[in-house]
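Subject: Structure for your files

Hello,

Here is the structure I said I would pass on. My notes on it follow below.

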Amino acid sequence: MPDPVTCAKCKKAIEGESLTALDQNWHPEHFVCKLCEKPITSEQFVEHEGSPVCGKCNTAKLCEKCFQCKKPITGKVLKAMNQVWHEDHFVCSGPCKKPLSGTEFFERESKPYCKPDFDKLFGAKKAPAKPLK
């Protein structure tokens, strides 16, 4: 006779309805968010340290925040200058405002710049040569 299926949360045998998630079995009422402890009823949840976390808590409490806009990053995370950014927020701080993802950039006062804007704004100023008398 096979061992009874047990709930990952309460460790008691599951009789009747159950669900399987995170390679474990659960009483439906015990499949709750680790952070807010509300039942997870949609298919959208993430695993955090082996436990389920609802999408709302994941976005509000676990996602990294963009350095530029301070909002959670739920998609691709770009790391630059010891910060994290939404990919479309990592742009030149100079007048061009061009995206810098995947390109060479220069940093000044914790701001990124493309090479042309950096040179224009901070490069050595060239003065025309004056003839000696």
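**Backbone and loops**

Asn 82 is exposed, with a relative accessible area of 81% (exposed means over 50%, buried under 20%, and partly exposed in between, with a 1.4 Å probe and protein chains only). Before going on, note that this is a predicted model, in which local features need pLDDT of at least 70, side-chain atom pairs count only at pLDDT 80 or more, and totals for chains, interfaces and linings use all residues. Residues are numbered from 1 along each chain as its sequence is written, and side-chain values use heavy atoms, with hydrogens and water left out.

Asn 82 sits in the loop between β5 and β6. Helices here are DSSP runs of H or I with at least four residues, strands are runs of E with at least two, and both are numbered from the N terminus. The phi of Asn 82 is near 60°, a positive value in a residue other than glycine. Most residues other than glycine have a negative phi. Glu 49 also has a positive phi, of about 55°, and is not a glycine. Its place is the loop between β3 and β4.

**Salt bridges**

How many salt bridges does the structure hold? There are four, counting a side-chain nitrogen of Lys or Arg within 4 Å of a carboxyl oxygen of Asp or Glu. Three of them are described here.

- Glu 49 and Lys 34 meet through their side chains at 2.8 Å, N to O. The pair links distant parts of the chain, 15 residues apart: Glu 49 in the loop between β3 (45–48) and β4 (51–54), and Lys 34 in the loop between β2 (24–26) and β3. Glu 49 is exposed at 66% relative accessible area, whereas Lys 34 is partly exposed at 33%.
- Glu 87 and Lys 76 form a salt bridge at 3.5 Å, N to O. Glu 87 lies in the loop between β6 (83–86) and β7 (106–108) and Lys 76 in the loop between α1 and β5 (77–80), so this pair ties together parts 11 residues apart in sequence. Glu 87 is partly exposed, at 31% relative accessibility, and Lys 76 is exposed, at 58%.
- Asp 117 and Lys 120 form a salt bridge at 3.6 Å, N to O. Both residues belong to helix α2 (residues 115–122) and are three residues apart, about one turn of the helix. Asp 117 is buried, with 3% relative accessibility, while Lys 120 is exposed, with 54%.

**Nonpolar cores**

A nonpolar core is taken as a set of buried Ala, Val, Leu, Ile, Met, Phe, Trp, Tyr and Cys residues joined through side-chain atoms within 4.5 Å. Which members of the largest core touch the most other members? Of its 13 residues, they are Leu 78, Ala 80, Met 81, Trp 85, Phe 90, Cys 92 and Leu 100. The elements giving two or more residues to this core are β5 and β6. Apart from it lies another core, of nine residues, including Ala 21, Cys 33, Val 53 and Cys 57. In soluble globular proteins, nonpolar side chains tend to be buried together.

**Contacts of single residues**

Contact means heavy atoms within 4.5 Å. Leaving aside neighbours within four places in sequence, Cys 92 is in contact with Lys 97, Lys 98, Leu 100, Pro 112, Tyr 113, Cys 114 and Asp 117. With the same neighbours left aside, Cys 96 is in contact with Cys 114 and Asp 117. Cys 96 lies in the loop between β6 and β7 and is partly exposed, at 28% relative accessibility. From Cys 96 to Tyr 113 the C-alpha to C-alpha distance is 9.2 Å, with their positions 17 residues apart in sequence.

Asn 58 lies in helix α1 and counts as buried, at 18% relative accessibility. Not counting residues up to four places away in sequence, Asn 58 touches Val 46, Val 53 and Cys 63.

Regards
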